[in-house]
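Me: Please take a close look at the salt bridges in this model, and at the part of the fold where they sit. A connected account would suit me better than a list.

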Amino acid sequence: MFRQGRYFKGSLLVFLVVLYVLTGCSNHNDGKTENLAMIKRTNPEPMDIINGMDGKDEKGLISKVKETVANEDSIYDVIVVKNEKKIIVAYKVKHLQRFHMKKIEKTVTKNLEEKFPENDFIVSSDYKIFLESVRLNELLKEKDVPEKKARKKFKEIEELQKELI
C-alpha cells in the first residue's frame with residue numbers, strides 16, 4: 001500500500017511538470033507573421049526593396065518568380081524579396097518531402113535560372129533564411145523605411161546563406 005501511494009505521487013509530479021513545460025512553450029500570437037511562419041502557411045507578398053510592393057513592379061517579375069516556385073508540388077510556402085538583379089527565394093518544404101530538399105533546391109534553382117536568366121537567385125529551404133526574409137518583408141511594409149537599412153538587411157540574409165553553404 002505504501003509503495004502504490006508513492007508511485008501515484010511520483011506520477012502526478014511528472015504529469016504536472018510536463019503540463020507546466022507544455023503550457024510555458026505555447027506560442028502566443030501578437031499579430032506578427034513571423035510568429036506563425038514555422039507552422040503555418042504565411043503566404044507573404046513578394047517585395048522589391050526599391051519599388052516596394054509587387055504592384056509597383058512594372059513587369060510583375062517577382063510575382064512570376066513566386067508563382068513559379070509555388071507551383072512545385074513539394075513546396076507549401078514561398079517568400080520572394082528583390083534587390084536590383086538579386087532575388088532571395090526562400091520556401092518551406094512539405095513534411096514528407098524533407099528527405100529530398102537538395103533535389104528540390106536544385107530543381108527550383110534550375111527552373112528560375114532558365115525562366116529568368118537576367119537575375120541572380122539566392123534559393124534556400126533553410127528556415128532561418130525564410131524567417132529573416134519574412135522580417136525583411138515586414139520591414140518593407142512599414143512606411144518611410146530607409147532604403148539603406150533595407151539593403152543592409154538584404155545583404156545580411158545573403159551573407160547568412162553563404163555561411164550555410
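Reply: The salt bridges in this predicted model number 10. One of them joins the side chains of Lys86 and Glu158, with N to O at 2.5 Å. Lys86 belongs to strand S4 and Glu158 to helix H6, so this pair, 72 residues apart, links distant parts of the chain. The two ends differ in burial class: Lys86 is partly exposed, at 31% relative accessible area, while Glu158 is buried, at 7%.

Helix H6 also takes part in a salt bridge between Glu132 and Lys153, whose side chains meet at 2.4 Å, N to O. Since Glu132 lies in helix H5 and Lys153 in helix H6, the pair ties together parts that are 21 residues apart in sequence. Both Glu132 and Lys153 are buried. The pair is also part of a network of salt bridges that links Lys128, Glu132, Arg135 and Lys153.

A further salt bridge stays inside helix H6: Glu147 and Arg151 have their closest N and O atoms 2.6 Å apart. These residues are 4 apart, about one turn of the helix. Glu147 is partly exposed at 37% relative accessibility, and Arg151 is partly exposed with a relative accessible area of 24%.

Now the packing of the two helices. The axes of H5 (residues 127–141) and H6 (residues 147–164) come within 10 Å and cross at roughly 175°. An angle over 145 degrees counts as roughly antiparallel, and H5 and H6 are therefore roughly antiparallel to each other. On the H5 side the contact is made by Lys128, Ile129, Glu132, Ser133, Arg135, Leu136, Leu139 and Leu140. On the H6 side the contact residues are Lys149, Ala150, Lys153, Phe154, Ile157, Leu160, Gln161 and Leu164. By class, this contact has 9 nonpolar, 2 polar and 5 charged residues.

The nonpolar part of the picture comes next. The largest nonpolar core has 18 residues, of which Val65, Val69, Val89, Tyr91, Val108, Leu112 and Phe121 touch the most other members. Helix H3, strand S3, strand S4, helix H4 and strand S5 are the elements that give two or more residues to this core. Beyond its neighbours within four places in sequence, Val65 is in contact with Val80, Ile87, Val89, Leu112, Phe116 and Phe121. Apart from this core lies another, of 17 residues, among them Ile88, Leu139, Leu140 and Leu160. Leu139, Leu140 and Leu160 also appear among the residues that make the contact between H5 and H6.

Definitions and conventions:
Residues are numbered from 1 along each chain as its sequence is written. This is a predicted model: local features need pLDDT of at least 70, side-chain atom pairs count only at pLDDT 80 or more; totals for chains, interfaces and linings use all residues. Side-chain values use heavy atoms; hydrogens and water are left out. Axes are lines fitted to C-alpha atoms, for helices over the stretch in contact, and angles run from 0 to 180 degrees between N-to-C directions. Angles under 35 degrees count as roughly parallel, over 145 as roughly antiparallel, 65 to 115 as roughly perpendicular and the rest as oblique. Contact means heavy atoms within 4.5 Å. Ala, Val, Leu, Ile, Met, Phe, Trp, Tyr, Cys and Pro count as nonpolar, Asp, Glu, Lys and Arg as charged, and the others, Gly among them, as polar. A nonpolar core is a set of buried Ala, Val, Leu, Ile, Met, Phe, Trp, Tyr and Cys residues joined through side-chain atoms within 4.5 Å. Buried means under 20% relative accessible area, exposed over 50%, partly exposed in between (1.4 Å probe, protein chains only). A salt bridge is a side-chain nitrogen of Lys or Arg within 4 Å of a carboxyl oxygen of Asp or Glu.
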